[in-house]
Amino acid sequence: HGDPVEVPANVGVTGLGMQVIHTHDASGEIHIESPRPFDFTLGDFFTVWDRPFSAQCLLDDCVSATGTLTMMVNNSTSTAFGDYVMRDGDRIELILE
């Protein structure tokens, strides 16, 4: 709704270690460090973060009757949402209006 939301530091990091998908700082950069190739999705990241995400809901807010949730990947619209397979260097923006 026009207010930026920061992806926090240490998503996926606990006292027991680090999950394959995680953040180190609040820069918004998601790290994927897997011992073998695998197609990790944006939905996988939200699962690790333990926050809701779908084509209709983002974090604690859902699309209103007149609103939209837009996903931009590298400046192009995407409808993949949680199924989007993340690639190194992707710039992903989620805009709830």
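In this predicted model, the largest nonpolar core is built from 19 residues. Phe45, Phe46, Trp49 and Leu58 are the ones with the most contacts inside that core. Two elements, α1 and β7, each put in at least two residues, and the largest share, four residues, comes from α1.

Phenylalanine 45 gives a good feel for who meets whom here. Setting aside residues up to four places away in sequence, Phe45 touches Val7, Val11, Ile21, Thr23, Ile30 and Met86.

Just ahead of the helix comes threonine 41, which sits in the loop between β4 (31–32) and α1 (42–49). Is this threonine buried or exposed? Threonine 41 has a relative accessibility of 16%, and because the cut-off for buried is under 20%, it counts as buried. As for its company, once neighbours within four places in sequence are left out, threonine 41 is in contact with Gly82, Asp83, Tyr84, Val85 and Met86. Met86 therefore turns up on both contact lists, that of threonine 41 and that of phenylalanine 45, going by heavy atoms within 4.5 Å.

Now for the strands. An open sheet is made of three of them, lined up as β8-β7-β9 with antiparallel pairing. At the edges are β8 (76–78) and β9 (92–96), each of which pairs on one side only. From one strand to the next, the twist averages 35°. Strand β7 (residues 69–73) runs antiparallel to β9, and five bridges join the two. Within this pairing, methionine 71 stands opposite leucine 94 of β9. Strand β7 also links back to the opening topic, as one of the elements that supply at least two residues of the core.

Note on methods: Residues numbered from 1 in each chain as written. Predicted model: local features only at pLDDT ≥ 70, side-chain atom pairs only at ≥ 80, totals over all residues. Heavy atoms only, no water. Pairing = 2+ DSSP bridges. Axes fitted to C-alpha atoms, helices over the stretch in contact; angles between N-to-C directions. Buried < 20%, exposed > 50% of the residue type's maximum accessible area, 1.4 Å probe, protein only. Core = buried A, V, L, I, M, F, W, Y, C linked by side-chain atoms within 4.5 Å.
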